[in-house]
Amino acid sequence: MFRITWDKNGEFVVNVSGRIDAENLGELRALFSAEGKERHIVLNLVELILVDQDAVHFLESCEAEGIELRNCPTYIREWITRERRRGHG
């Protein structure tokens, strides 16, 4: 589930709760494309519980493109780091 907010300083914040998997990555990509590069994009992951490998690769590429991963759960951060070391990023 995604909830979108715009905060006072103009950040485009997507609050993600529950899970991210291959099925809903397209929706997130579309949100980011529609928003464009002019605004600072933040993925707030504080309520994220479950991801699959496709989601980890997606989050890794988001970071590489300058999207902030805020409140990233430790296990997801560690998984992203492992994937990056393996050369998937």
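The exercises below concern helix H2 and its surroundings in a predicted model.

**Exercise 1.** Work out whether the distance between the end C-alpha atoms of H2 agrees with the span that its 12 residues should have.

*Solution.* Helix H2 covers residues 53–64. At 1.5 Å a residue, its 12 residues should span 16 Å. The end C-alpha atoms of H2 lie 17 Å apart, which agrees with that expectation.

**Exercise 2.** Describe how H2 and helix H3 (residues 74–85) are placed relative to each other, and which residues meet.

*Solution.* Two packed helices are described by the angle between their axes and by the distance between those axes. Here the axes of H2 and H3 come within 9 Å and cross at roughly 80°. Because angles of 65 to 115 degrees count as roughly perpendicular, H2 is roughly perpendicular to H3. On the H2 side the contact is formed by Gln53, Val56, His57, Leu59, Glu60 and Glu63, which meet Ile76, Arg77, Trp79, Ile80, Glu83 and Arg84 of H3. Sorted by class, this contact holds five nonpolar, two polar and five charged residues.

**Exercise 3.** Identify the buried residues of H2 and what covers them.

*Solution.* With buried taken as under 20% relative accessible area, the buried residues in H2 are Ala55, Val56, Phe58, Leu59, Glu60 and Cys62. Their cover includes strands S2, S3 and S4 (68–70) together with helices H1 (22–35) and H3.

**Exercise 4.** Characterise strand S2 (residues 12–20) by its burial and its pairing with S3.

*Solution.* Strand S2 is mostly covered, seven of its nine residues being buried. S2 pairs with S3 (residues 41–51) in the parallel sense over eight bridges, and Arg19 has Leu50 in S3 as its bridge partner.

Technical notes. Residues numbered from 1 in each chain as written. Predicted model: local features only at pLDDT ≥ 70, side-chain atom pairs only at ≥ 80, totals over all residues. Heavy atoms only, no water. Axes fitted to C-alpha atoms, helices over the stretch in contact; angles between N-to-C directions. Helix = DSSP H or I, 4+ residues; strand = E, 2+ residues; numbered from the N terminus. Parallel < 35°, antiparallel > 145°, perpendicular 65-115°, else oblique. Contact = heavy atoms within 4.5 Å. Nonpolar A, V, L, I, M, F, W, Y, C, P; charged D, E, K, R; others polar. Buried < 20%, exposed > 50% of the residue type's maximum accessible area, 1.4 Å probe, protein only. Pairing = 2+ DSSP bridges. Expected span 1.5 Å × (residues − 1).
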